[in-house]
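Hi there,

Here is the structure I promised to pass on. My notes on what turned up follow below it.

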Amino acid sequence: MADEPTGTESEGRPGLVSTEDGGIRMHVRGDAPPDPEPASVPARPAAPAAGPPGLEGVWRFAAPAVDLSVPQARHAVRDLLVAQGLTGPRYDELVEGMLLIVSELVTNAVRHAALLSPQIVVEVVIGAGWVRLSVEDSHPYRPQPLENDYARTGGRGLLLVRAITLEAGGVCDVERTPGGGKIIWSSLPLPPLLP
């Protein structure tokens, strides 16, 4: 995982948020995301860039792997997307999808990885025409979504994440970290600018 975020790098910079709220810390890494790697971020769509100019950025939230982190991460992501101008009817479906995705991924990390990963990291990357949300933990287990066991009451979070991502025209995957943990991510296209 990355170094501990300090929460001070974005002070005084317009449009960027830095908070310490109930154990979730937001960390901003630079003004623009790094060039995406083909394996981790889908190719940028050919459609015109979406969203307000200068929207690109990378934000990280560190949180303890406890139940309270689920609603806190959801609220932090919502507040970030709103602060970046992703509001109004044009973005409603995207924002709701991202909130469901972060809720499911953080819930999975809390329920299944907390024993070996007392802290999780949520990262939001906004690029030209896309937004990527990932949850990283230190547990080596790579989750397998349940596909056909409809009698179970749980275990469908990753199916939901995949369904939301695919319906929006995005891509999702699980990657190993150099330290032996994992990152589960979903990248969704931003709605194109209207003429």
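Going along the sequence, the chain runs β-β-β-α-α-β-β-α-β-β, with 3 helices and 7 strands in total. Helices (H or I, at least four residues) and strands (E, at least two) are DSSP runs numbered from the N terminus.

A word on the ground rules: this is a predicted model, where local features need pLDDT of at least 70, side-chain atom pairs count only at pLDDT 80 or more, and totals for chains, interfaces and linings use all residues. Residues are numbered from 1 along each chain as its sequence is written, and side-chain values use heavy atoms, with hydrogens and water left out.

Of the chain's 195 residues, 46% are buried (under 20% relative accessible area, 1.4 Å probe, protein chains only).

The largest nonpolar core (buried Ala, Val, Leu, Ile, Met, Phe, Trp, Tyr and Cys residues joined through side-chain atoms within 4.5 Å) has 37 residues, and Val-77, Leu-86, Val-106, Ile-126, Val-131 and Leu-133 touch the most other members. H2 gives this core its largest share, 11 residues. Beyond its neighbours within four places in sequence, Leu-133 has contacts (heavy atoms within 4.5 Å) that include Val-77, Met-98, Glu-123 and Trp-185.

Glu-123 also has a side-chain polar contact of 2.9 Å with Arg-60 (a pair of N or O atoms within 3.5 Å, one able to donate a hydrogen and the other to accept it). Arg-60 sits in strand E3, residues 57-64, and counts as buried because its relative accessibility is 8%.

Enjoy exploring!

Technical notes: Buried < 20%, exposed > 50% of the residue type's maximum accessible area, 1.4 Å probe, protein only.
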